[in-house]
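Biologist: I'm new to reading models like this one. Could you pick a single part, take a close look at it with me, and show me what lies around it?

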Amino acid sequence: MTDLIQYTTRGAVGLITLANPPVNAFSAAVRAGVLEALEGIMADDALTAAVITGSGKLFSGGADIREFNTPAGMQSPNLPELIEKTEAFPKPVVAALHGTAVGGALELSMACHHRVAAAGTRLGLPEVTLGIVPGAGGTQRMPRLVGAEAALDLIVGGRPIKAEEALELGLIDEVVESDVVDAAVALAEKVAAEGGPPRRTSELEDRVTADRERPEIFEEFRKKMARKARGLESPYACVECIEAAVNKPFAEGLAFERETFVRCVESAQSKALQHAFFAERESGKVPGVTKETSTRPIERAAVIGGGTMGTGITMCFANAGIPVSIIEVAQDGLDRAMKTIEGTYAGGVKRGRMSQDAMDACMSLITPSLGYDAVADVDLVVEAVFEDMSLKKEIFGKLDEICAEGAILATNTSTLDINEIARSTSRPESVVGLHFFSPANVMRLLEIVRGEATSPETLATAMQIGKTLRKQGVVVGVRNGFVANGMMLPYIRESEFLVEEGATPEQVDRVIFEFGFPMGPFQTMDMAGLDVGWRIRQAAAATRPESERYSPVADRICEMGRMGLKTKAGWYVYEEGSRTPVPDPEIAAMIEASSAEQGIERREISDQEILVRCLYPLVNLGAGMLEEGVALRPSDIDVIWMHGFGFPRYHGGPMFWADQIGLGEVHRVMQELYEQHGELLQPTALLTQLAQEGRSFGDWSAE
Ligand code: T1G
């Protein structure tokens, strides 16, 4: 038997333990091992029952995602075969669940005749997040255990639930505080002693029969899910499978599910979502930082600056249970900051997103402070004042004097040179960029900027704090705008050029929205506030080459005092209290005037040209950043764009998306754009090389 399965007996019970670290995934060898063990128990008359459990911190993370679309994935016994044999097993089989049991692991458990879970165990069918449906009976057995409505919520939502909720729903039979294997063995012995055929989930008909009388369940659910499932295929496939569970005999429903699974797992969307899954985990692996690299425990933190970013960052620490001081230079600024924080939490309580107790607990961790005394005994400081180099250097000079030895000095700058900031201290090795995205207490992305002097310990601590704050941390190097904002530049620039050449802001936004972004570039700019970009453009004006094309439209909008949603006018106008962008003829006229001024002949622009012109240049720049080493791997860029700017996950991020199109084609079009529009769109060397060699970014990162 494979050593990925441990087998022993407890009295008359055969105990099968999954032992395939790190997550006991059901690889081909594990599946064969479980079946072999079951056959051993079947053949042994002295054994009356079986228990299946997992070793280490969890039961299992389900099927082995790395085997998808590989022969190993379909190798017999595949998961559906193993699960059918488990349910058909003549002796009681009990699942002993702890930590996490998701995907195929929960499907196997639902095919076991009884399920016992340790308190707090997380159970779920997250397959929809991988662009597939549960493909081993989950969509057929879960409705039989919990009913169609709960099954729709759990399977289409993909979220895990705790054992306690699962017990209430009828998904499991018992929750124990004691040792779960002992409890499962005891239950197995009891059931075996009671005799009679094992209880098979596939034979449970009450709930599906009742649901068959309520077909409206599915129509209502489809309506309810439409906004969240926009552009996605697998959520609708999940609904169809659950509908089949209610309306078809079990075997037919199972066959329908299998067919649907196979269709989904080979789809472009699923491949993109599988890529996203592994990309998020890959981004945590950074050269020079290993499991052995020591990190500083962050027990106390401080945030300098009580503006939009400072207050959001402060809430991140409080939400993670870390005492945090927020520091401002003047009382009114401090009062405003605390009012903002309190208001944000109160809004969460009002919308039922958090309890009053949780709000009080967070507020109790936040200490408003005037002056720098509060940073003397903290482990980490995050500076979040407005973008001014001399001010930041002054602040870091003070932090250098006051902060404890070994404290991490972080800056939330989104554009300034971190090496220059670090050089204003005597401990540049302790300086790192922690670039949060607005609103910082909501956005998951955290760009961790490694300076030339940042030590491995400081970087490892920054990566650890990213996890503690439940952020998706990505390590990048120092350059103007780092990776995220750096790549925003061509995206915004080309959008503005397109409206000068004949498109309209609403046309560009519609194309990008239909591609799958939550909103287009012009609405995004209005939401974020046009003053941020204006200040950056003004700062860059001095160094912009004369010959470089530049669109004055955005500046003119700001000069009119239109700063976006917050002034109810920007690229669009907004009704009082509404966030719905309304096209403004005044802006359209100003754009046409600007085109005429610059001798730009306006023309009909297709949706396809808009898509290509907005997205290919950022792919091109992404390749440039890989060459520079500012981004470590293409998948990091994908993670940044999915978590920072809402690049549709079902396209896998810009670099993966470009690979699906083919870099030969992306390069061909970039070359055309370069010839038409000039050097700003010159294909980068890496894109050219990969295109000529017929390779992909995926290949490149493998080097
Ligand atoms: N297959 C292969 N590798 C996996 C894996 C899986 N299911 N789950 C995790 N890994 C790898 C991961 O890439 C990382 O690798 C390491 O394990 C630790 O992961 C028929 C077909 C279980 C809650 O969607 O949600 O069953 O980076 O950092 O934070 O219907 O992993 O170290 O090289 O995430 O402790 C459905 C996916 C499969 C669950 C543990 N299952 N996994 O979290 O560790 S589809 C899922 C998770 C299915 C059937 C279908 C989490 C976790 P590396 P980690 P963690």
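Modeller: Let's settle one bit of bookkeeping: Lys and Arg count as positive and Asp and Glu as negative, while His and the chain ends are left out. Counted that way, the protein chain has 67 positive and 100 negative charges, and their mean positions are 2 Å apart. Keep in mind that you're looking at a predicted model.

Before we zoom in, here's the setting. The protein chain has 31 helices and 19 strands. Its radius of gyration is 28 Å, close to the 27 Å that the globule rule gives for 703 residues, so the chain is as compact as a globular protein of that length. Along its principal axes, the C-alpha trace spans about 90 × 60 × 55 Å. Of the 703 residues, 56% are buried. The outside of the chain exposes about 29300 Å², and carbon and sulfur atoms supply 54% of that. One more number tells you how the chain comes together: among contacts between residues at least 6 apart in sequence, 72% join residues at least 24 apart.

Now for the close look. I'd pick strand β15, residues 431–436. Is β15 enclosed or open to the outside? Six of its six residues are buried, so the strand is largely enclosed by the rest of the structure. "Buried" here means under 20% relative accessible area.

Which way do the residues of β15 point? In a regular strand, the side chains alternate between the two faces of the sheet. You can follow that along β15: V431, G433 and H435 point one way, while V432, L434 and F436 point the other way. Residues on both sides are buried.

Next, the partners. Strands of a sheet pair through backbone hydrogen bonds, either parallel or antiparallel. β15 gives you an example of each. With strand β14 (residues 408–411), β15 runs parallel, and three bridges join the two. To find one of these bridges, go to A410: its bridge partner in β15 is V432. With strand β16 (residues 445–449), β15 pairs in the antiparallel sense over four bridges. Here you can look for F436, which stands opposite L446 in β16.

L446 is worth a stop of its own. This residue lies in strand β16 and has a relative accessible area of 0%, so it's buried. Go back 12 residues along the chain and you reach L434, whose C-alpha atom is 6.6 Å from that of L446. What does L446 touch, leaving aside its neighbours within four places in sequence? In β15, its contacts include L434, H435 and F436. The list goes on with G466, K471, Q472, G473 and V474.

For a second example, try strand β4 (residues 93–97), where five of the five residues are buried. V93, A95 and L97 are covered on one side, and V94 and A96 on the other. Both of the pairings I'll show you for β4 are parallel: strand β3 (residues 49–54) joins it over three bridges, and strand β6 (residues 114–118) over four bridges. V94 is a handy landmark for both, since V51 stands opposite V94 and H114 in β6 is the bridge partner of V94.

You can also find an open sheet of three strands, in the order β5-β7-β8 with mixed pairing. Its edge strands are β5 (100–102) and β8 (161–162), and each of them pairs on one side only. Strand β7 (residues 122–124) pairs with β8 in the antiparallel sense over two bridges, and R122 stands opposite K162 in β8.

To finish, here are two spots in helices. M315 is found in helix α14 (residues 308–319) and is buried, with a relative accessible area of 4%. Beyond its neighbours within four places in sequence, M315 is in contact with I341, T344, Y345 and N441. Its C-alpha atom is separated by 9.8 Å from that of I326, 11 residues apart along the chain. A37, in helix α1 (residues 28–43), counts as buried at 2% relative accessibility. From A37 to T17, the C-alpha atoms are 9.8 Å apart in space, with their positions 20 residues apart in sequence.

Conventions
Residues are numbered from 1 along each chain as its sequence is written. This is a predicted model: local features need pLDDT of at least 70, side-chain atom pairs count only at pLDDT 80 or more; totals for chains, interfaces and linings use all residues. Side-chain values use heavy atoms; hydrogens and water are left out. The radius of gyration is taken over C-alpha atoms; the globule rule is 2.2 Å times the number of residues to the power 0.38. Buried means under 20% relative accessible area, exposed over 50%, partly exposed in between (1.4 Å probe, protein chains only). Contact means heavy atoms within 4.5 Å. Accessible areas come from the Shrake-Rupley method with a 1.4 Å probe; for residues, only the protein chains shown count as cover. The place of a charge is taken as NZ of Lys, CZ of Arg, CG of Asp or CD of Glu. Two strands pair if DSSP finds at least two bridges between them.
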